[in-house]
Amino acid sequence: MNLWLRKAVEQGELRDETALINQYTTTLKEQIGLSLAHVIMPSHDGSHLEVIDHPQSIKWEVNDFNNPFSHVLQAATPMCMSLKKLLYWRSDAGFSALVGMPSSNEMVAIYPLPTGNAKVKAMVLMVGAMGKITHLDELVEWQEYSAIFMNQLGFIKDIGNQATQKVDLVGSIERLKKEGEQKESALSLAGRLIGSSDEMQKLRKQIIIAAQSTLTVLVQGETGTGKELVARAVHDYSNRSDQPFIAINCAAIPENLLESELFGYEKGAFSGADSKKVGLVAQANGGTLFLDEIGDMSPSLQAKLLRVLETCQYRALGAKEEMSSDFRLVAATHVNLLKSVQSGDFRQDLYYRLFQYPLMLPALSKRPADIPELAFKFVEQFNEKHQTSVRGISYSALDLLKQCNLPGNVRELRHLIEFACIQTDDEEEIKLSVVRDRVQNLLVFDAPIQETAETSVSNVSNLERIRDLKRALTGYEIDIIRSRLVKFGGDRAKAAESLGIPKRTLAHKCLKLEIEA
């Protein structure tokens, strides 16, 4: 068996493109006595010609005729160049680097592959003695060997393409499956985060994506936009859904107690610590910790929280050893944290740690088309809770609601609908007059009271509709507190002072009545 045949047999056993090309060029050097041999092939997209087996990345555009390879590719005929002719192509840096400096008795030849075929799939560059490479296309052994090389190269490429297509197909299937699951989850989430507007559809999609990640989520939005609902959804649609969801409102707990609530304490850690207390960080292990109104957290506690987030280690008050907790943090705030960072009230490093996956909740004023859907849902919930049968809400009342400025957003709308339901008989729908009176009352909370006979009659009419004194008083209390908080931009200290009550009392009422600052 001659060397050409033996090398051809070896080619049939190769399954790697680079190894096959190296074996081909090495055989050419050995059999023909070449000083240099390289294979040039079109790129995958056909836009470039690339030198396959060269340590440098050398390539040319296929329509760049300043190099000889483009000419061979187009003409499908060999090109042989003496040293004198070679000077013409030396202006091309890539070609010059590839051929180097042939000796005086050598020449350069470029042969298209496969030989004798009008469609060029590759080229071989050879540098060798003039008598050995000028008529190489007449050497039958080389032609047969090159044909076997091109067949094996095509076979390897087909295998590679099939593998690539298989990977792409699997990836496409997985991607479609994931997109389908996300769409299904977003549809199921529509029953909890109500609204068909573009803003809400986008928000639900982002919640599902956030839930499936491991990033810290920062929920931002005006008071009453449903930040805790969103936080709960992030937990429920994550892989931690079967683990605890622990929530705390940082603004409702005094600063000196918040640390012990978060990290817990040992017995005897301070006066009154009669027994050990497990903190919320420990309770959230494996699950999700939701820190509402994180913007109200003190700077010293911010530093401790940052350390827990970065190390998963914490120390309970009075404890000698550190403990670990693996939890996912979801934080929420109605204040502009970036402004708090700029003013020095909030740590910049913690801000960026929280800002890994921000979710911005749209105000109700940005999606008025969702108000009817929300209103009917709240009527349905009221009927279910109180065993009533209010039919719904009139179109004229809905039109008024869509025109109203509701700074308390969805929460304010819910309380408004609940108040209207109290004043509506079973099998009746909420009328425009009920909603209008309620809205007018909200508008004059902080205005001087100048009752006329007409308004007195209207107020008497409102009072006659009340069937549950306790619920009605609670509703008015909520409205007063919310209105005052809106007036002072969420500043609880000023709101409490204007109402003549301590700030702590106001914080307790906000927590009890579910009022967000």
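How many bridges join strand E5 to strand E6? Before I answer, please keep in mind that what we have in front of us is a predicted model. The answer is eight: strand E5, residues 106-113, and strand E6, residues 122-129, run antiparallel and are joined by eight bridges. To pick out one of these pairings, you can look at valine 108, whose bridge partner in E6 is valine 127.

Let me now step back to the sheet. Six strands make up an open sheet, and if you read across it the order is E3-E2-E1-E6-E5-E4, with antiparallel pairing. At the edges are strand E3, residues 59-61, and strand E4, residues 79-81, each of which pairs on one side only. On average, and ignoring direction, neighbouring strands of this sheet are turned by 20° against each other. As general background, the strands of a sheet pair through backbone hydrogen bonds, and this can be in a parallel or an antiparallel way.

Next comes the helix H2, which lies across strand E1, residues 36-42, and also across E5 and E6, while running at about 140° to E1.

Within helix H2, which covers residues 17-33, I would like us to find glutamine 31. Is glutamine 31 buried, partly exposed or exposed? Glutamine 31 counts as partly exposed, because its relative accessibility is 30%, and the partly exposed class lies between under 20% for buried and over 50% for exposed. If we leave aside its neighbours within four places in sequence, glutamine 31 is in contact with Leu3 and Trp4. For leucine 3, the separation from glutamine 31 is 28 residues in sequence, whereas in space the C-alpha to C-alpha distance is 7.9 Å.

Notes:
Residues numbered from 1 in each chain as written. Predicted model: local features only at pLDDT ≥ 70, side-chain atom pairs only at ≥ 80, totals over all residues. Heavy atoms only, no water. Helix = DSSP H or I, 4+ residues; strand = E, 2+ residues; numbered from the N terminus. Buried < 20%, exposed > 50% of the residue type's maximum accessible area, 1.4 Å probe, protein only. Contact = heavy atoms within 4.5 Å. Pairing = 2+ DSSP bridges. Axes fitted to C-alpha atoms, helices over the stretch in contact; angles between N-to-C directions.
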